[in-house]
Amino acid sequence: MRRLARATVAICSTLALTLGLAACSGGDDDQAGGAGDTLVAETAFSLTTIDPHRQFEFTGSTIDNAVYQTALEFEDGDLTKPTDGLCSFEMSDGDKTMTLKLKQKDAKFSNGDPVTVDDIVFSFERLQGLKGNPSFFLDGVDVKKVDDETIELKSEKPNPALPYILPNSSIGIVNSKVVKENKGTTDEKDEAEQFLNENSQGSGPYQIDTYDPDSQVVLTANENYNGPAPKYKRIVLRNVSAETQLTDIQSGQAQVAYDLNSDQANSIDDSMAQKTSLPSTRSLYIFNNMDDKVSDITTNEDFRMAVTSAIDYEKILELSGDGAQRMAGLVPNEFNGAVPKDQAPERDLDKTKELLEKSGYDGEEIPFHYSSDQSVNGVDLAQLAETLQAQLKEAGINLALKPAPSATQLDGFRAGEQPMGIGTWGADFPDPSNYNVFVPGGSVADRVNWDKDASPEITKLAEAAEKADEDKRGDAYAKMYKSLSDTGVWIPLVQPVDTIVVGNSVKKYVSNADTSFDFAQAE
Amino acid sequence: MSIGTPKQPPTNTNPGAEAVPGNPGSPGNPGNPVDPGVRRWTIRFPKSLRTPLGFVGAVILAVWLLLAIFAPLIAPFDPLAQSFSRLAPPGGENILGTDTLGRDVFSRIIVSARTTLPAAVFVVICSAVLGSVLGAIAGYFGKAVDEIIMRIADLVFAFPTIILAMVIAAALGPGLKNAIIAILLVSWPSYARVTRSLVMTARNSEYVIAGRLLGFSAGKSLTREIAPNVVSPVVVLATLDVGSAILTMAGLSFLSLGVVPPTPDWGAMISEGVSQFAAWWIAFFPGLCILTIVMAFNFIGDSLRDTLDPHTAQEVGETTS
């Protein structure tokens, strides 16, 4: 009898506790689920700082896009046309001089101070002076204030890419007065990083409320923003894995998920969320080493072209998800200077056989390196490598997979020791000149030991593209990158797709290739 | 040979032998009817496994061994062929569905047993031998030798097994061979500890001392007199350890530090399934395989302990009752 009573008490108290917890978590759900004017967005953080002039990572750039305005912008995400932002611009002197005129005179920082030319000059100079990851954007550019409305940017060499560089969130405009008061300088002595992580000094639609690089960043609306006031007054950006994002979107705990792959996105019922596919600005390619000492077969052009025609590109597209695209060159299809994708190679096993015979390949195993822990816009490199291995095996080419954590793999790649493998490149700015590093003698070409004088023809085309006029630039670069693909040193595989899943409680939103999901325009 | 043996070496490890009536570990004959045919069959089944759990474990293990041995005949498709539609659910042509690359999950699971099982048994035998030899040396010779060996063992014990195995595997590079080395390096100390303590007890026994007085060398004393007392607990420990070796190997493969793709492996398959929650079959079935096989080894280990190591069984029984 007593035992029964004890059991009853135990069951009752467990029930009470469960109900109590459920009630509490229900309350949390409402809050976390973005009721009213809060929007919860989730991503797996790659975040070390949100000081605009230091950050160079995806999450940092997502935040800074919402917090800082830039001198120029890409209107509606069209990456081929930089347009006016805080300033209007004009190129002159054979693309050596850029003149910026302050356009948005009503722009105000979050503390109410107006944005001035001094702030813009300070921001550019701070970016250059910090010698941080994004400092290279303005390498060789001399910044000069002309008057209270005009800034002049002078480059030593023609710099037609500059209008494409300035919209980057790393070149956000900060409140110079406040940053200087908090130990901000335009050289390496700057100590304002911590201050800028906790107190945003931008003129964008949002400002920083709390910053925790491990768990979440909260933004609140900037009352002094000169554009239309955002509907969501509070943005909570949480650090969670893709798997959790999937369940959170389905349960309504989050409204935006950045990292779902195409399969995960497709598993969500349409009544719960909307899916946006944006072309990614990243390229996936196979590299072949050009040093005989590293591999005597990948240096053979017939062999490389045999690999090119042995790949089943359609299968790779299928693996990469809806919206992924073929690439005929390394430059993403939406950029100026991209090789038209209809020129991309197709699978042709007869051609492979013929080329393999010519190359003298005798079936030896070729070490094939890749980062086993890396996924690029939902394309898992390990799976991609396994697919390529199976496809090339059908054609008689044997790859020995060499997976490694990305840090280890990159070390080997940088040392130029890997005969073959998968490489990835994310655009720093949407201009073909950002891909010059793949031209013989460039910094990435060095990693496959492709020397400057290895291909005079390509070097000549590269020089011609650099000097081409604005209207002929795209074609000149496309021609050069096509000839680069024809060597087979780099075999472009796929341009993946950036899938953003948005919960159905968000009725209207804008997302584009420049700013990704735009918090300020979501309703 | 032995004078006043404090702890008799078990004499019932020999399958097929008649039960030793006086053995304290023997549960005794259950009093079967005297039909000679049935009796012979019953006796052939190892005595130590004649508990319900032991029997279940042995049956599961036997099924797995058969699956592994005859994998090429049983697996319906090439485990590497990416010839089906991606993420097809179980049923139809692919009874356990297909993975993200369109490979048959059932074939991959079966073939994976061929690498996992032998590798796990091999690594446990190696670490048992290595650990026991080092433990015996430490326990028998004592002093500096003991200090050196056991401090190294402590050093290994200081880290969680999987973390240390990860570090070693990451340093050596992925691959089955390196995973085996990594697990071997982290799993020998438990054998060394057990063996050392047993050897230290036996070392001072009268029969060992008597043997030494008769002029036995250290080697002879260790192998002829002490070893029989050490073998049973080590065998029990080893059987229980096969399960954890399988788990550690799966863990390393999960982290891409084990078997190199495209060779199928349970851990790697689970890792693939993690990003595909909707395609639950990718991770579920390999997980089930790991669960059953680890459970089987644990059941067998428990039963073996009950028979071979009655002292521990008694202690465990006392503390749990």
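Helices, of the H or I kind and at least four residues long, and strands, of the E kind and at least two residues long, are runs picked out by DSSP and numbered from the N terminus. Going by that, chain B has 12 helices and 0 strands. Everything that follows comes from a predicted model.

Chain B makes an easy starting point. Walking along its sequence, the pattern reads α-α-α-α-α-α-α-α-α-α-α-α. Chain B has 321 residues, and 47% of them count as buried. Looking at contacts in chain B with a separation of 6 or more, 70% come from residues 24 or more positions apart.

Next comes the place where the two chains meet. Chain B brings 17 residues to the contact, and chain A brings 18 residues. About 1,600 Å² of area is buried between chain B and chain A, with carbon and sulfur atoms giving 54% of that. Three residues stand out on the chain B side: B:Q82, B:R86 and B:P261 supply 31% of the area that chain B buries against chain A, more than any other three residues. As for charged partners, 2 salt bridges are counted between chain B and chain A. A:E386 and B:R103 form a salt bridge, with their closest N and O atoms 2.5 Å apart. There are also 6 residue pairs in polar contact between the chains, both residues being at pLDDT 80 or more. Sorted by class, the side of chain B that touches chain A holds 9 nonpolar, 5 polar and 3 charged residues.

Chain A does have strands, and strand 20 (residues 497-503) is a good one to look at. This strand is mostly covered, with 7 of its 7 residues buried. In a regular strand, side chains take turns pointing to the two faces of the sheet. In strand 20 of chain A, both faces are covered: A:V497, A:T499, A:V501 and A:G503 are buried on one side, and A:D498, A:I500 and A:V502 are buried on the other. Strand 20 of chain A also has pairing partners. Strand 12 (residues 273-279) of chain A pairs with strand 20 in the antiparallel sense over 7 bridges, and within this pairing A:L278 has A:D498 as its bridge partner. Strand 11 (residues 256-257) of chain A pairs with strand 20 in the antiparallel sense too, over 2 bridges; here A:V256 is matched with A:V502.

Elsewhere in chain A, strand 6 (residues 141-147) and strand 7 (residues 150-155) run antiparallel and are joined by 6 bridges. Strand 6 and strand 7 of chain A make a hairpin, with 2 residues between them. One of the pairings links A:K144 to A:E152 in strand 7.

After strand 7, and before helix 4 (162-165) of chain A, there is a loop that contains A:A161. A:A161 counts as buried because its relative accessibility is 5%, and the cut-off for buried is under 20%. Leaving out residues up to four places away in sequence, A:A161 touches A:F429, A:D431, A:S433 and A:R473. The C-alpha atoms of A:A161 and A:F137 are 9.9 Å apart, and these residues are 24 residues apart along the chain.

Another loop of chain A, between helix 5 (176-181) and helix 6 (193-198), holds A:N182. With a relative accessibility of 26%, A:N182 counts as partly exposed. A polar atom of the A:N182 side chain lies 2.8 Å from the backbone oxygen of A:V178. Apart from neighbours within four places in sequence, A:N182 is in contact with A:E191, A:A192 and A:F195. Between A:N182 and A:D142, which are 40 residues apart along the chain, the C-alpha atoms are separated by 25 Å.

Two helices of chain A round off the tour. In helix 7 (residues 242-251), the buried residues include A:A242, A:E243, A:Q245, A:L246, A:D248 and A:I249. Helix 7 of chain A is followed by A:G252, which has a positive phi near 80 degrees. Helix 11 (residues 349-359) of chain A is home to A:T352. A:T352 counts as buried because its relative accessibility is 0%. The side chain of A:T352 makes a polar contact of 2.9 Å with the side chain of A:S309, and also reaches the backbone oxygen of A:D348 at 3.0 Å. Not counting residues up to four places away in sequence, A:T352 touches A:A306, A:S309, A:A310, A:A395 and A:I397.

Terms used: Residues numbered from 1 in each chain as written. Chains lettered and ligands numbered in written order. Heavy atoms only, no water. Contact = heavy atoms within 4.5 Å. Buried area = accessible area lost by both parts, 1.4 Å probe. Salt bridge = Lys/Arg side-chain N within 4 Å of Asp/Glu carboxyl O. Polar contact = N/O pair within 3.5 Å; in protein donor to acceptor, adjacent residues only side chain to side chain. Nonpolar A, V, L, I, M, F, W, Y, C, P; charged D, E, K, R; others polar. Buried < 20%, exposed > 50% of the residue type's maximum accessible area, 1.4 Å probe, protein only. Pairing = 2+ DSSP bridges.
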